[in-house]
Amino acid sequence: MLTTLAEQHPEIFDTYQSTHSQQAEATLKSRAFMASFLARGDASLTFIGLYRQAGWVDLSGDEFDQSPQMQTMYRAFSSEGFAARGIDRRARFDLQPETALAELRGRLVVADPGARAYMRRGETTSLPVLEIQRVPDLAPPLPDWRDVTLDADTVRSMPRKWADTLRHWRGIYLIVDESDGARY
C-alpha cells in the first residue's frame with residue numbers, strides 16, 4: 001500500500017509520513033532533516049527523498065481526524081482515525097522536500113540493516129548502497145510466480161508494475177472466499 005501511495009498519490013504518502021509514533025516524534029523533533037525510504041521486502045530499502053523538518057504542531061486526535069488530508073489518508077488505508085484509536089495527542093510535522101538527491105528517488109536501493117526500528121539515526125546506521133537503478137521504481141520485486149499469493153486488499157493496492165506483469169501471465173489460479181472457504 002505504501003509503495004502505491006508513494007508512486008501514485010505522493011500527497012497522501014506525504015500526509016502519512018508527517019505523523020509518527022511518540023518515540024519517533026522525539027527523534028524527528030531534534031533533527032533538521034529526514035531521509036525517507038520504503039522497505040522492499042527483500043532486505044533492501046528504496047530511497048523516497050530527503051526532507052527538511054520545518055517544524056511541527058501538536059494536535060489532538062480530534063483535530064487530526066478533522067483534517068481533510070488525514071481523512072483522505074484514512075480512506076486510503078481503510079483505517080480509523082486517531083481519536084477512535086485512543087490517540088490523545090500527536091505532532092504533525094512540516095516536512096519540506098529537498099532538491100538534493102531528488103534524482104535518486106526510486107533509483108537508490110540500499111541494504112536494510114534489519115533492525116526493527118522504524119526510524120534510524122543516520123550517524124549510527126550503515127546503509128550500504130546495493131544499486132542505483134536506471135529507471136525509478138518504488139515497487140518491491142514481484143515474487144516468483146510459484147510463490148505469489150495475493151489477498152483482495154493487495155490486489156486493490158498493488159504497485160502498477162506488479163499489475164502490468166500479472167496482465168501478461170497465463171495460468172491456472174485459485175480464488176478462495178475467506179468468509180466461507182468457497183473456491184473458484
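How exposed is Lys 29, in terms of relative accessibility? At 28% relative accessibility, Lys 29 counts as partly exposed, because the intermediate class covers residues that are neither under 20% nor over 50% relative accessible area. I should say at once that what we are looking at is a predicted model, and that I will go through its salt bridges, then its pockets, and finally a patch on its surface.

Let me stay with Lys 29 for a moment, since its side chain meets that of Asp 58 in a salt bridge, at 3.7 Å from N to O. This pair links distant parts of the chain, with Asp 58 in strand 2, residues 44–60, and Lys 29 in helix 3, the two being 29 residues apart. Asp 58, for its part, has a relative accessibility of 37% and counts as partly exposed.

How many salt bridges does the structure hold? There are seven in the structure, and I would like to describe two others besides the one I have just mentioned, keeping in mind that side chains of opposite charge can pair when their charged atoms come close.

One of them joins Arg 31 and Glu 123, whose closest N and O atoms are 3.0 Å apart. Here again distant parts of the chain are linked, because Arg 31 sits in the loop between helix 3 and strand 1 while Glu 123 sits in the loop between strand 4 (108–111) and strand 5 (129–132), 92 residues apart. As for accessibility, Arg 31 is partly exposed at 25%, whereas Glu 123, at 55%, counts as exposed.

Another salt bridge is formed by Arg 52 with Glu 98, and in this case the closest N and O atoms lie 3.5 Å apart. Arg 52 belongs to strand 2 and Glu 98 to the loop between strand 3 (89–97) and strand 4, so this pair ties together parts that are 46 residues apart in sequence. Arg 52 has a relative accessible area of 35% and is partly exposed, and Glu 98, with 26%, is partly exposed as well.

Let me turn now to the pockets. In the largest pocket there is about 940 Å³ of space, and the lining consists of 21 residues, with Val 148, Leu 150, Tyr 173, Leu 174 and Ile 175 lying nearest the centre. Sorted by class, that lining contains 14 nonpolar, two polar and five charged residues.

The second largest pocket has a volume of about 740 Å³ and is lined by 25 residues, those nearest its centre being Ala 35, Phe 37, Tyr 118, Met 119 and Arg 120. Which element supplies the largest share of this lining? That is strand 1, which contributes seven residues; helix 2 (10–16), helix 3 (22–29) and strand 1 (33–39) each supply at least two. By class, the lining of the second largest pocket divides into 14 nonpolar, six polar and five charged residues.

Finally, there is the surface patch, where Tyr 173, Ile 175 and Tyr 184 together form a nonpolar patch with about 420 Å² of accessible area. Tyr 173 and Ile 175 have already come up, since they are among the residues nearest the centre of the largest pocket. Tyr 184 is placed in the segment after helix 7 (160–168), and with a relative accessible area of 59% this residue is exposed, because the class begins over 50%.

Key
Residues numbered from 1 in each chain as written. Predicted model: local features only at pLDDT ≥ 70, side-chain atom pairs only at ≥ 80, totals over all residues. Heavy atoms only, no water. 1 Å grid on protein atoms, 1.4 Å probe; cavity = no way out; pocket = protein on both sides within 12 Å on 5 of 7 lines; lining within 4 Å. Points joined across faces, edges and corners; volume = space filled by probe spheres on them. Nonpolar A, V, L, I, M, F, W, Y, C, P; charged D, E, K, R; others polar. Helix = DSSP H or I, 4+ residues; strand = E, 2+ residues; numbered from the N terminus. Patch = residues over 30% accessible without salt bridge, like charges linked within 9 Å, V, L, I, M, F, W, Y side chains within 5 Å. Areas by Shrake-Rupley, 256 points an atom, 1.4 Å probe, with all protein chains shown as cover. Salt bridge = Lys/Arg side-chain N within 4 Å of Asp/Glu carboxyl O. Buried < 20%, exposed > 50% of the residue type's maximum accessible area, 1.4 Å probe, protein only.
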